[in-house]
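Reader: I should like to learn how to read the strands and helices of a protein model. May we go through one together, question by question?

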Amino acid sequence: MSEKYIEAKTVDADVAPYLDIADSVAKIHKKNGRADTKKPKYFVQTFGCQQNEADSERLAGLCTAMGYEKVTTPDEADLILVNTCAVREHAEKKALSIIGQYKHIKDRNPSLIIGVGGCMVTQEARANKLKMSYPYVSFTFDTGAIHTLPSLVHNALTGGARKFILSDEWKINEGLPLTRESNHMAWLSIMYGCNNFCSYCIVPYVRGRERSRRAEDIIEEAKQLIAGGAKDITLLGQNVNSYSGGDGCDIAELMHKICAIDGDFRLRFMTSHPKDASDRLIEAMATEEKVVKHFHLPIQSGSDRILKEMNRKYDTARYLEKIAKLKEAVPDVSITSDIIVGFPGETEEDFLGTLDILEKVRYDMIFSFIYSPRNGTPAARMENQVPHEVSTERFERMLALQNKISDERNRRFEGRTLRVLAEGVSKNDPSMLTCRGDCVRPIHVKADPSLIGSFVDVKVRKVETFCLEGEILG
């Protein structure tokens, strides 16, 4: 995929000094003969959700502003940044393992700078572990301190002491440059943080309280994206449908405003919380042609008792009412969800309630997880933790049912012609392109890579559980 460096038109006062420091870092490289064809190299390793991917594009933008050039392997880099996740323990362990492996690169290249950011290091215990057990890590920065990266790199370049930043507060810092991974697909963050405090979730503790970007800044960024060739734009937020941009601009109004921008593009949004999935949002999806007919609405559990223990603030009846409204307004909508199996105290009866929800909603796809305790969350201190072997057995039963439902749902596309975006070359077959439209499953077609970034009409010829295959018409 081609990359694109974008400078923001609006720069907040808190950000401007750090952009000046980025210029200073670039001058240091130039003074040391590291410019033009000899540019220093950076590598960003990203774990976790789409919001982390969007954050990494800002990290990459700052690296570009500091005179660095991207490389695809850490061995080539002069600056390695690891953007971590804390949602599950497995993600943290994997990140720590990879950071440990980078010691060998540091041994070979003593001037290498290694920095670690993201949700994991927003936890003081993890930041302290990196400080004490990983002496080759030059700095850490939490999710509220992305804009400080130039200062941290400048400090490391000039021989300063190691730094470990834990923010006192989280703000929105407008004006950070971006280096986007793709010209035709784009993340567009509209809000940050979360106020829900689900009992199993670490997000409010590592990303702070909800704060929404100004609508005018979002609209301006969307215009830049579309003018630059973006065809598929995803609005991002931990709880995207609680967006409040002032003057009564909610997520539905924001979507109407973005869809009114001239251009041939599709608009997506995630992640939604059922308690905030408003009738206005459903109406926007139903009436705006540019909005992709895919709604991701996490249920997490089909048991009202477990939902209460999770502090989800809705029950299954209210959830199913939302689903019914959505299906009535958008009859061919694709619906996906998140589900946790093995939450503390979950009984067989509770789990059967989850299977019942799958049968009633008939999701196109689910993102399912075995419960993972997160230190600092109420659920981690709950009694009756479910044995791993029980959770695993339930998880496998649930996947078997969902795969059957997904296969049946996919059948409705067989023989149909769909307008899809050619996203890129298939990871499994370089002779195929991977495309995507309203259908959440990827559609693979034999086509020339020159079509990447273009909308094409595809007739679906073959349907499988996890993907579709078709041929381009015309």
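Author: Certainly; please keep in mind that this is a predicted model. We may begin with strand β18 (residues 432–436) and strand β19 (residues 443–446), which pair over four bridges in the antiparallel sense.

Reader: Which residue of β19 does C435 stand opposite?

Author: Strands of a sheet pair through backbone hydrogen bonds, in either a parallel or an antiparallel manner. In the pairing of β18 with β19, which is antiparallel, a hairpin of six residues provides the connection. The residue of β19 that stands opposite C435 is I443.

Reader: In which sense do β19 and strand β21 (residues 468–472) pair?

Author: Two facing pairs help to place these strands: H444 stands opposite E469 in β21, and V445 stands opposite G470 in β21. Both residue numbers rise by one step from the former pair to the latter. Over three bridges, the sense of the pairing between β19 and β21 is parallel.

Reader: How many residues lie between β20 and β21 in their hairpin?

Author: Strand β20 (residues 455–463) pairs with β21 over five bridges, in the antiparallel sense. Within this pairing, K459 stands opposite E471 in β21. The number of residues between β20 and β21 in the hairpin is four.

Reader: Which strands stand at the edges of the open sheet β9-β12-β13?

Author: The three strands of this open sheet follow the order β9-β12-β13, with parallel pairing. Each edge strand has a single partner strand, so one of its sides is left without a neighbour in the sheet. From one strand to the next, the twist averages 25°. The edge strands are β9 (185–189) and β13 (266–270).

Reader: What angle does the direction of helix α8 make with that of β13?

Author: Strand β12 (residues 232–236) pairs with β13 in the parallel sense over five bridges, and I233 stands opposite L267 in β13. Helix α8 (residues 251–259) packs on the sheet and touches β12 and β13. The angle between the direction of α8 and that of β13 is about 160°.

Reader: Are α8 and α9 roughly parallel or roughly antiparallel to each other?

Author: Helix α8 and helix α9 (residues 279–287) pack with their axes 8 Å apart, at an angle of about 20°. Angles under 35 degrees count as roughly parallel. Therefore α8 and α9 are, relative to each other, roughly parallel.

Reader: How many charged residues does the contact of α8 with α9 have?

Author: The crossing of α8 past α9 is left-handed. On the α8 side the contact is made by I251, A252, E253, M255 and H256, and on the α9 side by R280, L281, E283, A284 and T287. By class, there are five nonpolar and two polar residues in this contact, and the number of charged residues is three.

Reader: Is A8 buried, partly exposed or exposed?

Author: A8 belongs to the loop between β1 (4–6) and α1 (16–31). Leaving aside residues up to four places away in sequence, A8 touches G175 and L176. Buried means under 20% relative accessible area, and exposed means over 50%. The relative accessible area of A8 is 31%, so this residue is partly exposed.

Reader: What distance separates the C-alpha atoms of A8 and G100?

Author: Along the chain, A8 and G100 are 92 residues apart. In space, the separation of their C-alpha atoms is 35 Å.

Notes:
Residues numbered from 1 in each chain as written. Predicted model: local features only at pLDDT ≥ 70, side-chain atom pairs only at ≥ 80, totals over all residues. Heavy atoms only, no water. Pairing = 2+ DSSP bridges. Axes fitted to C-alpha atoms, helices over the stretch in contact; angles between N-to-C directions. Contact = heavy atoms within 4.5 Å. Parallel < 35°, antiparallel > 145°, perpendicular 65-115°, else oblique. Left-handed = near helix turned anticlockwise from the far one by under 90°. Nonpolar A, V, L, I, M, F, W, Y, C, P; charged D, E, K, R; others polar. Buried < 20%, exposed > 50% of the residue type's maximum accessible area, 1.4 Å probe, protein only.
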